Amino acid sequence: MAANPSLVVRLVSASVTVANRAGSIIRDIMKAGDLGVVHKDKDKTDPQTEADRKAQRCIVASLTKRFPGVTIIGEEELAQEEDSLLEMADSEEVLKVECPPNLKNVKPEEVCIWVDPVDGTTEYTQGYLDHVTVLIGVAVNGKAVGGVIHQPYYNYKAGPGAPMGRTTWGIVGVGCYGCEHKDLSGGKRVITTTRSHGTDAVQETIDAMQPDEILRVGGAGHKVLLVLEGRASAYIFASPGCKKWDTCAPEALLTSLGGKLTDVHGAHYKYHKEVKTRNMGGVIAAYKDHEFYLSRIPQSIKDQLPNE
């Protein structure tokens, strides 16, 4: 363990263990067979399940108990309950790292944590379990600096008894751990994008990239993991729709590995507690050649999306 771990390191350490706990909750609810689905919109395109509710209560209650001065914003609007869901353990792996000098003296009031307890809820209800992630992003003074992406169903097709679940975490200035970047695209330009929120503008932007292959999958966390692992060259979504809890953790991980996530204008999103939760300028994320993808976006598309 590093001597006197900084607040940021301790936050990421706690987030790793509570994300793992949330993953167990998500699997247990699916195994029990009653997802408790309710719809947050009249068109029934934004479901919420008991897994969303219980996982968020676990994450928020646990982090609030340990870090009372920190702002925590979760996707679900819930009454917080003190119950048996508290997870108070640490990740010893995270606690061993040396905090970058610019993050050593961060104060609780400078921190905002963004939580998506089940990123890819629609996919969770439809059985696309490998698309599902738990996202916990740590922002300092509005900048994404740390993140955790947990995959509850990683390796779930390996058969009975196989270990399930994987957690990827990172801190900007330290690195990204839990997955390894390899160029798995075979030299092709592979674009990943939404499977359920496509529009003419989204498709026009993807066409402008001249991709060799398009991966249409669910969940912002899952898409960024495809980029982190090298299975996709870029994640392109030229439309409003993503929220801050969808992108804070993925942006931190991608940045920690040397990549970049911005809106279509090349601007980084801000993650302080007063911001609007919706990302109005779309998402352009790439491990490398980010400027190329920005340059290919049609000006007519950029004109449709506000610059925050």
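**Close-up views of a predicted model**

**View 1. Helix α6 is a mostly covered helix.** Helix α6 takes in residues 220–229, and ten of its ten residues are buried. What we are looking at here, as in every view below, is a predicted model. Which residues of α6 are tucked away? They are A220, G221, H222, K223, V224, L225, L226, V227, L228 and E229. Right after α6 comes G230, and its phi is positive, near 90°.

**View 2. S185 is a buried loop residue.** To find S185, look in the loop between β8 (175–177) and β9 (190–194). Buried or exposed? With a relative accessibility of 8%, S185 falls under the 20% limit, so it counts as buried. Once its neighbours within four places in sequence are set aside, S185 is in contact with V190 and G230. We have met G230 already: it is the residue that follows α6.

**View 3. Strand β6 pairs with β5 and with β7.** Start with β6 itself, residues 143–151: eight of its nine residues are buried, so the rest of the structure largely encloses it. Strand β5 (residues 133–140) pairs with β6 in the antiparallel sense, over seven bridges. One of the pairs to pick out is G137 with its bridge partner G147 in β6. The two strands make a hairpin with two residues between them, and N141 in the turn has a positive phi of about 50°. Strand β7 (residues 166–171) also runs antiparallel to β6, and six bridges join the two. Here you can look for V148, whose bridge partner in β7 is W169.

**View 4. An open sheet has five strands with mixed pairing.** In what order do the strands lie? Across the sheet the order is β10-β9-β11-β13-β12. At the edges sit β10 (213–217) and β12 (260–262), each pairing on one side only. From one strand to the next, the twist averages 20°. For a parallel pair, take β9 and β10, which share five bridges. In that pair T192 stands opposite L215 in β10.

**View 5. Helices α5 and α7 meet strands of the sheet.** Helix α5 (residues 200–208) lies across β9, β10 and β11 (234–237), and it runs at about 175° to β9. Helix α7 (residues 244–256) packs on the sheet too, where it touches β12 and β13 (283–286). The direction of α7 makes about 145° with that of β12.

**View 6. The largest nonpolar core has 46 residues.** Nonpolar side chains in soluble globular proteins tend to be buried together. Which members of this core touch the most other members? They are L63, V111, I113, Y124 and I136. At least two residues come from each of α1 (7–32), α2 (50–66), α3 (92–95), β4 (111–119), β5, β6 and β7. Helix α1 gives the most to the core, with 13 residues. Zoom in on L63: leaving aside its neighbours within four places in sequence, it is in contact with A14, S15, V18, I72, I113 and I136. There is also a second, separate core of 38 residues, with I191, M209, Y235 and I284 among its members.

**View 7. The cysteines form zero disulfides.** How many disulfides turn up in a search of the whole structure? The search finds zero. C99 is in no disulfide, and the nearest cysteine sulfur, that of C248, is 16 Å away. C248 is in no disulfide either: its nearest cysteine sulfur belongs to C112 and is 7.6 Å away. A disulfide would need two cysteine sulfur atoms within 2.5 Å. As for their surroundings, C99 counts as buried at 7% relative accessibility. C248 is buried as well, with a relative accessible area of 0%.

**View 8. Q210 and D289 have positive phi values.** As background, most residues other than glycine have a negative phi. What is the phi of Q210? It is near 50°, a positive value in a residue other than glycine. You will find Q210 in the loop between α5 and β10. D289 also has a positive phi, near 60°, and it too is a residue other than glycine. Its place is the loop between β13 and α8 (290–296).

Terms used: Residues are numbered from 1 along each chain as its sequence is written. This is a predicted model: local features need pLDDT of at least 70, side-chain atom pairs count only at pLDDT 80 or more; totals for chains, interfaces and linings use all residues. Side-chain values use heavy atoms; hydrogens and water are left out. Buried means under 20% relative accessible area, exposed over 50%, partly exposed in between (1.4 Å probe, protein chains only). Helices (H or I, at least four residues) and strands (E, at least two) are DSSP runs, numbered from the N terminus. Two strands pair if DSSP finds at least two bridges between them. Contact means heavy atoms within 4.5 Å. Axes are lines fitted to C-alpha atoms, for helices over the stretch in contact, and angles run from 0 to 180 degrees between N-to-C directions. A nonpolar core is a set of buried Ala, Val, Leu, Ile, Met, Phe, Trp, Tyr and Cys residues joined through side-chain atoms within 4.5 Å.
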